[in-house]
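Here are my notes on this one, written as numbered points so you can argue with them one at a time. Have the coordinates open while you read.

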Amino acid sequence: MSIFDAFKMFSDTSVNVTCPECAKSSPQERRKVKRNITLICPHCGHYFRQTED
């Protein structure tokens, strides 16, 4: 593993999130998940938040 691979690993800004409606996984921006911003599933169009209140 080179130093560039390590930087690439830390600069990855997306995480896989599973939609509660269709149960499909899709990459979403890490900052949106961390800030609990409403996400949109690209498969079914369902609006949801990762952590429900």
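1. Starting with the contact map: among the contacts in the protein with a separation of 6 or more, residues 24 or more positions apart account for 14%. Keep in mind throughout that this is a predicted model. The chain has 53 residues, and buried ones make up 17% of them. As for surface, the protein exposes about 4,400 Å², with carbon and sulfur atoms supplying 54% of that.

2. On to the layout. DSSP-style bookkeeping gives two helices and four strands. Read from the N terminus, the order of elements is α-β-β-α-β-β.

3. The hairpin deserves a look. Strand β1 covers residues 14-18 and runs antiparallel to β2, with five bridges joining the two. One of the pairings puts threonine 18 opposite serine 25 of β2 as its bridge partner. Six residues sit between β1 and β2 in this hairpin.

4. What is odd about the backbone of alanine 23? Its phi is positive, about 65°, although the residue is not a glycine. Most residues other than glycine have a negative phi, so it's one to check by eye. Alanine 23 is in the loop between β1 and β2, and at 58% relative accessibility it counts as exposed. Asparagine 36 does something similar: its phi is positive, near 60°, and it isn't a glycine either. You'll find asparagine 36 in the loop between α2 (30-34) and β3 (39-40).

5. Strand β2 (residues 25-29) has two faces. Ser26 and Gln28 are on the covered one, while Ser25, Pro27 and Glu29 are on the uncovered one. Glutamine 28 is worth selecting: it lies in β2 and is buried, with a relative accessible area of 10%. Who are its partners, beyond residues up to four places away in sequence? Glutamine 28 touches Thr13, Ser14, Val15, Val17, Val33, Leu39, Ile40 and Pro42.

6. From the uncovered face of β2 comes the salt bridge. How many does a search of the whole structure find? One. In it, the side chains of arginine 31 and glutamate 29 meet at 3.2 Å, N to O. As a rule, side chains of opposite charge can pair when their charged atoms come close. Both ends are partly exposed: arginine 31 at 43% relative accessibility, glutamate 29 at 36%.

7. Now the core. The largest nonpolar core holds five residues: Val17, Cys19, Leu39, Cys41 and Phe48. In soluble globular proteins, nonpolar side chains tend to be buried together. Two members of this core are cysteines, which leads to the next point.

8. How many disulfides does the count come to? Zero. Cysteine 19 is in none, and the nearest cysteine sulfur, that of cysteine 22, is 3.8 Å away. The cut-off is 2.5 Å, so a pair at that distance isn't called a disulfide. Cysteine 41 is in no disulfide either, and there too the nearest cysteine sulfur belongs to cysteine 22, at 3.7 Å. Buried or exposed? Cysteine 19 is buried, with a relative accessible area of 3%, and cysteine 41 is buried as well, at 2%. Leaving aside neighbours within four places in sequence, cysteine 41 is in contact with Cys19, Cys22, His46 and Phe48.

9. Last stop, arginine 49, in the segment after β4 (47-48). It is partly exposed, with a relative accessible area of 29%. Arginine 49 and threonine 38 are 11 residues apart in sequence, yet 4.8 Å apart in space, C-alpha to C-alpha. Which residues does arginine 49 contact, leaving aside its neighbours within four places in sequence? Asn36, Ile37 and Thr38. Asn36 is the residue from point 4 with the positive phi, so both points can be checked in one view.

Technical notes. Residues numbered from 1 in each chain as written. Predicted model: local features only at pLDDT ≥ 70, side-chain atom pairs only at ≥ 80, totals over all residues. Heavy atoms only, no water. Buried < 20%, exposed > 50% of the residue type's maximum accessible area, 1.4 Å probe, protein only. Pairing = 2+ DSSP bridges. Core = buried A, V, L, I, M, F, W, Y, C linked by side-chain atoms within 4.5 Å. Contact = heavy atoms within 4.5 Å. Salt bridge = Lys/Arg side-chain N within 4 Å of Asp/Glu carboxyl O. Areas by Shrake-Rupley, 256 points an atom, 1.4 Å probe, with all protein chains shown as cover.
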